[in-house]
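Here are a few exercises to work through with the model open beside you. Try each task before you read its solution.

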Amino acid sequence: MHDQVLDPADGHGAACPACESQAASEELRVRLPSAEAITTLGDARAAIDGLDAALAALLERRAAIAAVVQRLKPVGGFAGRDPERERRIVEAMAEHAPALGPDRLARIMNAVIETGLDAAADR
Ligand SMILES: C=C(O[C@@H]1C=C(C(=O)O)C=C[C@H]1O)C(=O)O
């Protein structure tokens, strides 16, 4: 098992003020269990439950921030969908998830982005 800290500013060159401000951000520490170290069904499910709890928190936070983007853009919501921005998001994510690769990540992120736009419409 190992911990890994992902800095959102990495690879972007520009710092994120909301990430740097202690008052405006929280940290989520996530244990990243190694698949090779897991040998039982119970342990595998426990590891998945831990990762899913972190994923849920990240997805909810992402949706809230995507909703802010929709309010700030000249045309928000589904009408303001930006395929080029979405392609760059997937490309950047693929660097962190080479085993999934850009095609699978694109499918995942399409669902994440569409669900976020749907949730933003309720805000
Ligand atoms: C958030 C934006 O709006 C839409 C939603 C996106 C997202 O959830 O990441 C990405 C691109 C757009 O389709 C944006 O333009 O940055």
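A quick note before the domain comes up: UniProt positions follow the numbering used here, feature names are shortened, and annotations may be inferred rather than shown by experiment. With that in mind, the unreviewed UniProt entry places "domain: Chorismate mutase" at residues 35–123. Keep in mind too that this is a predicted model.

**Exercise 1: Trust and layout**

Work out where the prediction is most and least confident, then trace the order of the elements.

Solution. Start with the chain as a whole: its mean pLDDT is 90, and 88% of its residues reach 70 or more. Next, go element by element: confidence bottoms out in strand E1 (residues 2–3), with a mean of 48, and peaks in H3 at 98. Where pLDDT is low, the predicted coordinates should not be read in detail. For the complex, the predictor reports an ipTM of 0.95 and a pTM of 0.88.

Now the layout. The chain has 4 helices and 2 strands, and from the N terminus the order reads β-α-β-α-α-α. Then look at the annotated span: residues 35–123 are 76% helix and 0% strand, and the C-alpha atoms at the two ends sit 38 Å apart. Last, check the contacts: among those with a separation of 6 or more, 50% join residues 24 or more positions apart.

**Exercise 2: Checking helix lengths**

Test whether H4 and H3 span what you'd expect at 1.5 Å a residue.

Solution. Take H4 to begin with: it runs over residues 101–122, so its 22 residues should span 32 Å, and the end C-alpha atoms are indeed 32 Å apart. Then do H3: with 14 residues, it reaches 20 Å from first C-alpha to last, close to the expected 20 Å.

**Exercise 3: What is buried?**

Find the buried residues of H4 and say what covers them.

Solution. First set the scale: just 4% of the 123 residues in the chain are buried. In H4, the buried ones are Leu105, Ile113, Gly116 and Leu117. Their cover includes helix H2 (41–72) and helix H3 (83–96). H3 itself is hardly covered, with 1 buried residue among its 14.

**Exercise 4: Around the ligand**

List the residues surrounding the ligand, then sort them by class and by helix.

Solution. Begin with the list: Ala66, Val69, Lys73, Arg81, Asp82, Arg85, Glu86, Ile89, Ile113 and Gly116. Sorted by class, that shell comes to 4 nonpolar, 1 polar and 5 charged residues. Sorted by helix, H2, H3 and H4 each put in at least two residues, and H3 gives the largest share, 3 residues. Now cross-check with the previous exercise: Ile113 and Gly116 are in this shell, and both are among the buried residues of H4.

**Exercise 5: Four alanines**

Decide whether Ala120, Ala106, Ala99 and Ala23 are buried, partly exposed or exposed.

Solution. You'll need the cut-offs: 20 or more other C-beta atoms within 10 Å means buried, 12 or fewer means exposed, and anything in between is partly exposed.

- Ala120 lies in helix H4. It has 19 other C-beta atoms within 10 Å, so Ala120 is partly exposed. Leaving out residues up to four places away in sequence, Ala120 touches Ala66, Ala67, Gln70 and Gly77. Gly76 is 44 residues away from Ala120 in sequence, but 9.6 Å away in space, C-alpha to C-alpha.
- Ala106 is in helix H4 as well. Its 17 C-beta neighbours inside 10 Å make Ala106 partly exposed. From Ala106 to Glu86 is 20 residues along the chain and 8.4 Å between C-alpha atoms.
- Ala99 belongs to the loop between H3 and H4. Ala99 counts as exposed because it has 6 C-beta neighbours inside 10 Å. Ala54 is 45 residues from Ala99 in sequence and 20 Å from it, C-alpha to C-alpha.
- Ala23 sits in the loop between helix H1 (17–20) and strand E2 (31–32). With 5 other C-beta atoms within 10 Å, Ala23 is exposed. The C-alpha atoms of Ala23 and Arg62 are 18 Å apart, with their positions 39 residues apart along the chain.

Key. Residues numbered from 1 in each chain as written. Predicted model: local features only at pLDDT ≥ 70, side-chain atom pairs only at ≥ 80, totals over all residues. Expected span 1.5 Å × (residues − 1). Contact = placed C-beta atoms within 7 Å. Near = placed C-beta within 6 Å. Nonpolar A, V, L, I, M, F, W, Y, C, P; charged D, E, K, R; others polar. pLDDT = per-residue confidence, 0-100.
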